[in-house]
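Visitor: I'm new to reading protein structures. Could you walk me through one?

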Amino acid sequence: MQRNNPTALERAVKRAWQRTASDRLPFFAALAFGLAAHMFALANKLVNADEIESLFGKGATLTSGRWGLEAAKLIFPDYSMPWLYGLVSLILLAVSVCLIMRLYEIKSPLMRVLLAGMIVAFPSQTGTFCFMFTSAPYALAFLFAVLAAYLGCRGGWGSCAAAVLLLAASLGIYQAYIALTASLMLLYAVMLCLDEEQSLKTIALYLLRALALLLAALALYAAVTLAVFALTGTEFNDYVRENANSSGLLGRVRTAYDFFIYYFTYREYALITSEFSRWAHIVLMALIAAGTVYAAAKKLRRGEAAEGALLFVLTALLPLAVNCMFLAMSKDSIHTLVIYSFVAVYILAAMLAERLARGAALWQRAARDAVYVILAGVLLGNVYFANEVYLEMYLEYENAYSFYSILLTRAESTEGFTAGTKLAIIGRQDNAVTRFDDKIDLGYITGPSRDLINAYSRENFIRRYLGSSIPLATAEECAALAATAEFADMAEYPYYGSIKMLDGCVVVKLG
């Protein structure tokens, strides 16, 4: 029996499979560690205040300058679906990981596995999955940012033009990922410095091209944003305007460096998830510094003092690249999701470890093995931390669901309650709120509400998660009821006398 000749599509698939042979290990490692860290969030509907409000939306889009996030609705419709969008996010991140391995020529199988895990299980991704309604578009923006760096570093002028378009599109979805592209492009310059065959002129020309690419992408993003504002009649919302960094340039640069130090000293933004991880990071930074000194000394011995000095300068600029969002936004508006670029530290450590380990000296191989051990320990801690975050969110949801189920039952049992009676929930509840801070230490992670009962999206929680159709009093009606003497005399919920019929409304005085 004669076998049919393969079709053009079959031949293309076979070629693609063969060309991506080296990508399979980091790709599947990223998926494995991604599921280990985030499976609970993918398999459960975890909520916080914003997630409740944006169950069928993407949050602020055009008014935050995120026209790409608005356009992403064409690909990712407005449903916060954790399993589907979670898997899509992990696949997009895994592709990004493969590009990073190629860009920095990470060859060691163990290093590829560990670095893949560090990127997908990083606390910034945990924070992103706390806001599942934007997770898939943000993962796409992450891929665009990485691909922009990949093309900008390795391609010609045509590739650089494509990189500008990709980076502008990434910024249109989530502006913070410019720090990721900037950090990756800076690391590529470090790699060029480590390469003995690259001249100072080649490195200088690359740096000018990288700077031009970043500025061109920013200009294109700004132009599209202004055009969108003009066409739609929108403008930046109060959050963007009020959180712009108004300090001088030197002050902004100092803030960027200060907070890079704070990540280690105070575990700011929960990028470093435990005391063990803090000390592991300190040792890792010491190894990076030692590797940089050794590489610079080799340059000096070969009479390449300028290249050695440039290596020091580029490494010293990494904190600024990682934290470049501090140049635009106030420190109060920066949170865990914004600092995904911190993974550049692990990429730099892997890059230095691989190149130093090529020597025959025992200490060089020992330094590489120390990086292995540190990354493995930090990675396991990040996986554990992600599950802690999701556990707290799950418990918060269960508590809030139980709280409002009982409250609605008591409200509907109030004498005089009939069809059409409005419910007025006034104040904040502190007496009946369970806190988990003493059991689950999450540091400064952005995501868990920690006080879901008093969330601003309380009405949508009652509507969407309890399925109650009872009409709710407006903010004006609640304010008028709260000003009455009868309300002042009421007890605080859950005590007797905290639920009464006032002016035709069932009033619950939370506190």
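Guide: Let's go through helix packing, one buried residue and the cysteines. Keep in mind that this is a predicted model.

Visitor: How do people describe two helices that pack together?

Guide: Two packed helices are described by the angle between their axes together with the distance between those axes. Let's try a pair here. Helix α8 (residues 135-154) and α10 have axes that come within 9 Å and cross at roughly 30 degrees. Angles under 35 degrees count as roughly parallel, so α8 is roughly parallel to α10. The crossing of α8 past α10 is right-handed.

Visitor: Which residues in α8 and α10 meet?

Guide: On the α8 side you'll find Phe142, Ala145, Val146, Ala148, Ala149, Gly152, Cys153 and Arg154. They meet Leu180, Thr181, Leu184, Met185 and Tyr188 in α10. Sorted by class, the residues of this α8 and α10 contact are 10 nonpolar, 2 polar and 1 charged.

Visitor: Can we zoom in on one of them? Is threonine 181 buried or exposed?

Guide: Threonine 181 counts as buried because its relative accessibility is 0%. The cut-off for buried is under 20%. Threonine 181 sits in helix α10 (residues 178-194).

Visitor: What is threonine 181 in contact with, leaving aside its neighbours within four places in sequence?

Guide: Its contacts are Ala145, Ala148, Ala149, Leu167 and Leu214. Look back at the α8 list and you'll spot Ala145, Ala148 and Ala149 there too.

Visitor: Let's try another helix pair. At what angle do α13 and α14 cross?

Guide: The axes of helix α13 (residues 249-265) and helix α14 (residues 275-301) cross at roughly 130 degrees and come within 8 Å. That angle makes α13 oblique to α14. From α13, the contact uses Phe260, Phe264 and Thr265, while α14 brings Arg278, His281, Ile282 and Met285. By class, this contact of α13 with α14 has 4 nonpolar, 2 polar and 1 charged residues.

Visitor: And what about cysteines? What is a disulfide?

Guide: A disulfide is a covalent bond joining the sulfur atoms of two cysteines. In this structure there are 0 disulfides.

Visitor: Why is there no bond between cysteine 324 and cysteine 153?

Guide: Distance is the reason. The closest cysteine sulfur to that of cysteine 324 belongs to cysteine 153, and it is 15 Å away, too far for a bond. For a disulfide, the two sulfur atoms have to be within 2.5 Å.

Visitor: Is cysteine 324 buried or exposed?

Guide: Cysteine 324 is buried, with a relative accessible area of 17%. Cysteine 130 is buried as well, with a relative accessible area of 1%.

Key: Residues numbered from 1 in each chain as written. Predicted model: local features only at pLDDT ≥ 70, side-chain atom pairs only at ≥ 80, totals over all residues. Heavy atoms only, no water. Helix = DSSP H or I, 4+ residues; strand = E, 2+ residues; numbered from the N terminus. Buried < 20%, exposed > 50% of the residue type's maximum accessible area, 1.4 Å probe, protein only. Contact = heavy atoms within 4.5 Å. Axes fitted to C-alpha atoms, helices over the stretch in contact; angles between N-to-C directions. Parallel < 35°, antiparallel > 145°, perpendicular 65-115°, else oblique. Nonpolar A, V, L, I, M, F, W, Y, C, P; charged D, E, K, R; others polar. Left-handed = near helix turned anticlockwise from the far one by under 90°.
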